[in-house]
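I opened this model to look up its charged pairs, its enclosed spaces and one of its helices. My notes follow in the order in which I looked.

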Amino acid sequence: MNTPTDAPSPETNHGPGATAEDGLLPPRVVVEDDRTGMHPLTLERAVLDHLYYTQMKDPPSATLLDIFGAVAHATRDRLVQRWIRTQRAYYEQSVKRVYYLSAEFLMGRALGHNLLSLGAYDMAKDLLGAYGLELSHVLEEENDPGLGNGGLGRLAACFLDSMATLGYPGYGYGIRYEFGIFEQQIRDGWQVERGDAWLRYGNPWEIARPEYTVTVNMYGRIEEKADEQGRLRVGWVDTTKLLGVPYDTPIAGYGNNTVNTLRLWRARASKEFNLDVFNDGDYRRAVEDKADSETISKVLYPNDESPEGRELRLKQQYFFVCCSIHDIIRRFKKTEKDFDRFSDKAAIQLNDTHPAIAVAELMRVLVDVEGVEWERAWDITSRTIAYTNHTLLPEALECWPVGMFGRLLPRHLSIITEINRRFLRQVQIAAPADEARRKRMAIVENDQIRMAHLAVVGSHSVNGVAQLHTDLLRQHVLRDFAEMFPHKFNNKTNGVTPRRWLLLSNRPLAAAITERIGTGWITDLPQLEQLRRFADDPEFHHALHAIKRANKIELATLIRERNRVDVNVDSIFDTQIKRLHQYKRQLLNCLHIVSLYQAMKADPAAPWVPRTFVFGGKAAPGYAMAKLHIKLINDVAATINDDPAMRGRLHVVFMANYGVSLAERIIPATDVSEQISLAGKEASGTGNMKFAMNGALTIGTLDGANVEIREAVGAENFFLFGMDAAEAQARADAGYRPAEFVERSPKLRGAVELIGSGFFSPEDPRRFDAVVHDMWNVDTFMVAADFDAYAACQEAVAQAYRDPTNWARMVVHNLSQVGRFSSDRTIAEYAKEIWNVKPVTVTMK
């Protein structure tokens, strides 16, 4: 780090009549100003101070990691003042708070986002530039916390951002995983998982709060006895104890003074060390309890193929729910005594079924600890908790074996059994002769505890995350519950934060928008509708093309560095980046690429539109077929990229270790967004929104939020193909036979047979036999049925790309109509219609 020649001296302040030269007083640093001031010189002093006293480096010896640490701590200082003011405002105004419980929080890097929120991004850029440094290089030093697997965790992060920006009193609760979602490496085309040690260099944003440590009980047994009034009381005794230690991260609102809290729990042993056992020479057993306890917060989503893995998952879910419920009640009791007011002060939102045990845990605390009678406790619980469902896949609706659950959480099993008994009595009264309905709706059935059913029964609100998803929940997945509790079911279409996904990740596009319509869109995204008047503006078209091409050049450079492939920046950048799962149909994309490759080889003189296909995403470690699809994509890519005839015309890349930070570089460079899941399988999707927000056009099915995006941007600005949800269901009900579709489609059959021949895997010709067999005989997600429509739609994409003026017009229409897909809109709907919370203005006086 080079010191600029005009660097200012530290500011001093002296008492009246005294000077440093007099030797009477030393220079006095204005601590308040240096910690919180927003003047460029003040920020510079703060960064240099942290470089010396936090990083313990001087400018000549500082590394980029040191610079990052200094800038991050200076930024955190400015958040802390607002953080304290925010919490004080909440207490002084006795507000109702929202508690968002989620097993995942995929936050992304924090420094750039926090600088934007404070209005200090350009200031920091100029400051570092004066020292010969690029802010972008410093931002790259921050580890990307992989505390989530995909859309669920990223949605949670967007929601926290919107709650803070809109001024809603919100808290996130989750697990401080020591190792997040695994680091994905690609070796010889195969996915290899490595531990993601995101904390290896520390985390400047988090603050440990050991004073709020929670004791968590597991195992043991229940003991029934009568209290002094003769009422039955249940004790949970002989338990194994561990500790939950909270770590807080500030969540800054954009352009206001609100800083909310993400509280993540770390598991610790209640006894760190058995000295007696150690002194006896059994060193391993001396720390056994510590190792066992801390495994709970070790890894996100441990492989649950084994009984031990499943039990660990249940431990994780109960651990963070127990800690969070304890914390919520502790905060409530600081100012309140009457639990009838609990739902007036707390709204608990369950982000999918992972935290559904909260229903039983809140009941346990109210009944066993606080002495609230059952009926009153149930009323409090159901008025407080709300449930968001995120899936239409039956296998994703979590169930736990009764035996395992009862061994780990015996008291909760008894509570759930009682909830189930009382609930089924209601079902029987509503439908006296319908035993099948009772079995379908039971919380406990066939030796399984159905957590989604527990969440529905124990909540006052159940929402889907796109209109189609909510309709399918009502009509199919949770139909019985929707008929019994129609008032509970509602839709809250997902959204994404424009601060991260446009203002931060695509600053040139954000600047072009601001130049034309001002800055209001940053916190009021529907203002983008003003861009419609530029739909036919050649100057705006030229700006969009230049911005997109510059972004593509940046991504091409990254591809060259990581994949050693040179791609044509004037080709269509066609992107599918998301979790690897068969219902998301990366295979459909890959089969089309093989078919396109065959066609280009057969007719090399044809005027083919150049294409670059970009894939990214992780497969669950135990998901063999998804991992085989990754290998197939990489083998196809290796063959095509090595073919001289395809140079500059067709390229395929799989970018390893997909996460938030990589998405921030891929999405702005994308021309075509692949949203091609089988209709009726994707709950919502949020990648579709991020791409549209960055000027990519969508090729997709009528699935999830695609339906609403197409309605918003116009059918003529969306590349639609394939069956809708009703058609897909009808085909499945009629007995789907994929071989019929493979046989009748020369393109599809040619692609499947080429893969089966070993062309892409000559060293192991039968490597993809399972893929070929599935396409002929199983094809659960109907790739074959939609293939020809998809291929035709891809040809329509190529034709549209030949007309740059019309393509630019379509891009503008997409940009101008994505306002409704801001997470600000979603959170405002939750706040008004589910949580009943009001925004709070935080002042710095």
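**Entry 1: salt bridges.** I am working with a predicted model, and my count of salt bridges in the structure comes to 61. I kept in mind that side chains of opposite charge can pair when their charged atoms come close.

I began with Glu 140 and Arg 109, whose side chains meet in a salt bridge at 3.1 Å, N to O. Glu 140 sits in the loop between α6 and α7, while Arg 109 sits in the loop between β1 and α4, so this pair ties together parts that are 31 residues apart in sequence. I then looked up the exposure of each partner: Glu 140 is partly exposed, with a relative accessible area of 38%, whereas Arg 109, at 18%, counts as buried, the cut-off for that term being under 20%.

Next I turned to Asp 327 and Arg 331, which form a salt bridge with their closest N and O atoms 3.2 Å apart. Both residues belong to helix α11, and because they are 4 residues apart there, about one helical turn separates them. I noted that Asp 327 is buried and that Arg 331 is buried as well.

The third pair I looked up was Glu 833 with Lys 492, where the salt bridge is 2.8 Å, N to O. This one links distant parts of the chain, since Glu 833 is in helix α35 and Lys 492 is in the loop between β17 and α21, 341 residues apart. Which partner is buried and which is exposed? Glu 833 is exposed, with a relative accessible area of 52%, whereas Lys 492 is buried, with a value of 1%.

I also found a network in which salt bridges that share partners join Asp 188, Lys 631, Asp 635, Glu 763, Asp 764 and Arg 767.

**Entry 2: cavities.** I searched the whole structure and recorded 5 cavities of 30 Å³ or more. The largest cavity holds about 130 Å³ of space, and of the 15 residues that line it, Gln 582, Leu 587, His 629, Asp 774 and Val 783 are the closest to its centre. Helices α24, α25 and α32 each supply at least two residues of this lining, and α32 gives the most, with 3 residues. By character, I sorted the lining of the largest cavity into 7 nonpolar, 5 polar and 3 charged residues.

For the second largest cavity I noted a volume of about 100 Å³. It is lined by 14 residues, and the closest to its centre are Arg 97, Arg 331, Phe 332, Thr 335 and Lys 345; I had already met Arg 331 as the salt-bridge partner of Asp 327. The elements giving two or more residues to this lining are α3, β1, α11 and α12, with the largest share, 3 residues, coming from α11. This lining divides into 8 nonpolar, 2 polar and 4 charged residues.

**Entry 3: helix α22.** Last, I looked up helix α22, residues 507–517, and listed its buried residues as Leu 509, Ala 510, Ala 512, Ile 513, Arg 516 and Ile 517. Viewed down the helix axis, these fall within an arc of 160°, so they line one face of α22. I then asked what covers the buried residues of α22, and the elements I found include α21, α23, α27 and α34. Just after α22 I noted Gly 518, which takes a positive phi of about 90°.

Methods:
Residues numbered from 1 in each chain as written. Predicted model: local features only at pLDDT ≥ 70, side-chain atom pairs only at ≥ 80, totals over all residues. Heavy atoms only, no water. Buried < 20%, exposed > 50% of the residue type's maximum accessible area, 1.4 Å probe, protein only. Arc of directions from axis to C-beta. Contact = heavy atoms within 4.5 Å. Salt bridge = Lys/Arg side-chain N within 4 Å of Asp/Glu carboxyl O. 1 Å grid on protein atoms, 1.4 Å probe; cavity = no way out; pocket = protein on both sides within 12 Å on 5 of 7 lines; lining within 4 Å. Points joined across faces, edges and corners; volume = space filled by probe spheres on them. Nonpolar A, V, L, I, M, F, W, Y, C, P; charged D, E, K, R; others polar.
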